[in-house]
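Please read the following report alongside the sequence and the three-dimensional view. It begins with the chain as a whole and then turns to its parts.

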Amino acid sequence: MVEVSNYEKLEKEFEEKVKKLRQECEHKELTGWISYIDETTYLYNQTIETKYCENCRKIRKKRTKCPQCDGYIDKRTWIRALVTEVNKGILFNEFKGIARQGYALFCNNEKCIKDFIESKKKKYEIYIETFKR
Ligand SMILES: [Zn+2]
Ligand SMILES: [Zn+2]
């Protein structure tokens, strides 16, 4: 059997304690909106914000802005879309960071995606694939 180092032991203890704290917490007090970055958010090129529980630091809310209507959208309702620009161009500058291919999060209003495609089609050939969560 492999001997567990002190560091790993401490880390495991910490994780177990946090897990227990989060299970028992009622998440009554939330932080304000805070910019959120993790290993997946760079894919979106949209600012994602979260609210954490003040007591246990569990993420309770996530939001971003729809790139078409600029309205705030909640994680529970947003639609993930893969936007691919077929022609060369500078879609990057026009759409808040979406380069030639990238994910975007739209609001639940399917009209936004349609309008987005229509508005970009005038200049670029783009392709959008959507994923419902
Ligand atoms: Zn909590
Ligand atoms: Zn929208």
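## Overall make-up

The secondary structure of this chain, which is seen here in a predicted model, comes to 3 helices and 7 strands. Read from the N terminus on, these elements follow one another in the order α-β-β-β-β-β-α-β-α-β.

The chain has 133 residues, and buried residues make up 17% of them. Among the contacts with a separation of 6 or more, 55% are accounted for by residues that stand 24 or more positions apart.

## The helix H1

How many of the 19 residues of H1 are buried? The number is 0, so this helix lies largely in the open. The length of H1 can be checked as well: at 1.5 Å a residue, its 19 residues should span 27 Å, and the end C-alpha atoms are indeed 27 Å apart, which agrees with that expectation.

## The loop between H1 and S1

After helix H1 (6-24) comes a loop that leads to strand S1 (34-36), and His-27 is found in this loop. His-27 is not a glycine, yet its phi has a positive value, near 50°. As for its surroundings, His-27 has 15 other C-beta atoms within 10 Å, so it is partly exposed.

Gly-32 is also found in the loop between H1 and S1. Is Gly-32 buried or exposed? Because Gly-32 has 7 other C-beta atoms within 10 Å, and a residue with 12 or fewer is called exposed, Gly-32 is exposed. Gly-32 and Cys-53 are 21 residues apart in sequence, while their C-alpha atoms are 9.7 Å apart in space.

## The sheet of four strands

Four strands make up an open sheet in the order S1-S2-S3-S4, and their pairing is antiparallel. The edge strands of this sheet are S1 and S4, each of which pairs on one side only. If direction is ignored, neighbouring strands of the sheet are turned by 40° against each other on average.

Within this sheet, S2 and S3 run antiparallel and are joined by 4 bridges, and one example is Lys-51, whose bridge partner in S3 is Lys-61. S3 also pairs with strand S4 (residues 72-74), again in the antiparallel sense, over 3 bridges; here the bridge partner of Thr-64 is Ile-73 in S4. In a regular strand, the side chains alternate between the two faces of the sheet.

## Two hairpin turns

S2 and S3 form a hairpin with 6 residues between them. Arg-57 is placed in the loop between strand S2 (48-52) and S3, and although Arg-57 is not a glycine, it has a positive phi of about 65°. Arg-57 has 13 other C-beta atoms within 10 Å, and it is therefore partly exposed.

S3 and S4 likewise form a hairpin with 6 residues between them, and in this turn Asp-70 has a positive phi of about 65°.

## Lys-65 and its surroundings

Lys-65 lies in strand S3 (residues 59-65). Why does Lys-65 count as partly exposed? Lys-65 has 17 C-beta neighbours inside 10 Å, and since a residue needs 20 or more to be buried and 12 or fewer to be exposed, this number falls in between.

When residues up to four places away in sequence are not counted, Lys-65 touches Gln-46, Asp-70, Gly-71, Tyr-72 and Ile-73. Asp-70, one of these contacts, is the residue with a positive phi in the turn of the S3 and S4 hairpin. Lys-65 and Cys-107 are 42 residues apart along the chain, and their C-alpha atoms are separated by 7.9 Å.

## The largest nonpolar core

The largest nonpolar core has 12 residues in all, among them Cys-66, Ile-73, Trp-78, Leu-105, Phe-106, Cys-107 and Phe-116. Strand S5 (79-85), strand S6 (101-106) and helix H3 (110-121) each supply at least two residues of this core.

Which residues does Trp-78 touch, not counting those up to four places away in sequence? Trp-78 touches Thr-64, Ile-73, Leu-105, Phe-106 and Cys-107. Ile-73, which belongs to the core, is also the bridge partner of Thr-64, and in this way the core can be followed back to the pairing of S3 with S4.

Notes: Residues numbered from 1 in each chain as written. Chains lettered and ligands numbered in written order. Predicted model: local features only at pLDDT ≥ 70, side-chain atom pairs only at ≥ 80, totals over all residues. Contact = placed C-beta atoms within 7 Å. Pairing = 2+ DSSP bridges. Axes fitted to C-alpha atoms, helices over the stretch in contact; angles between N-to-C directions. Expected span 1.5 Å × (residues − 1). Core = buried A, V, L, I, M, F, W, Y, C linked by C-beta atoms within 7 Å.
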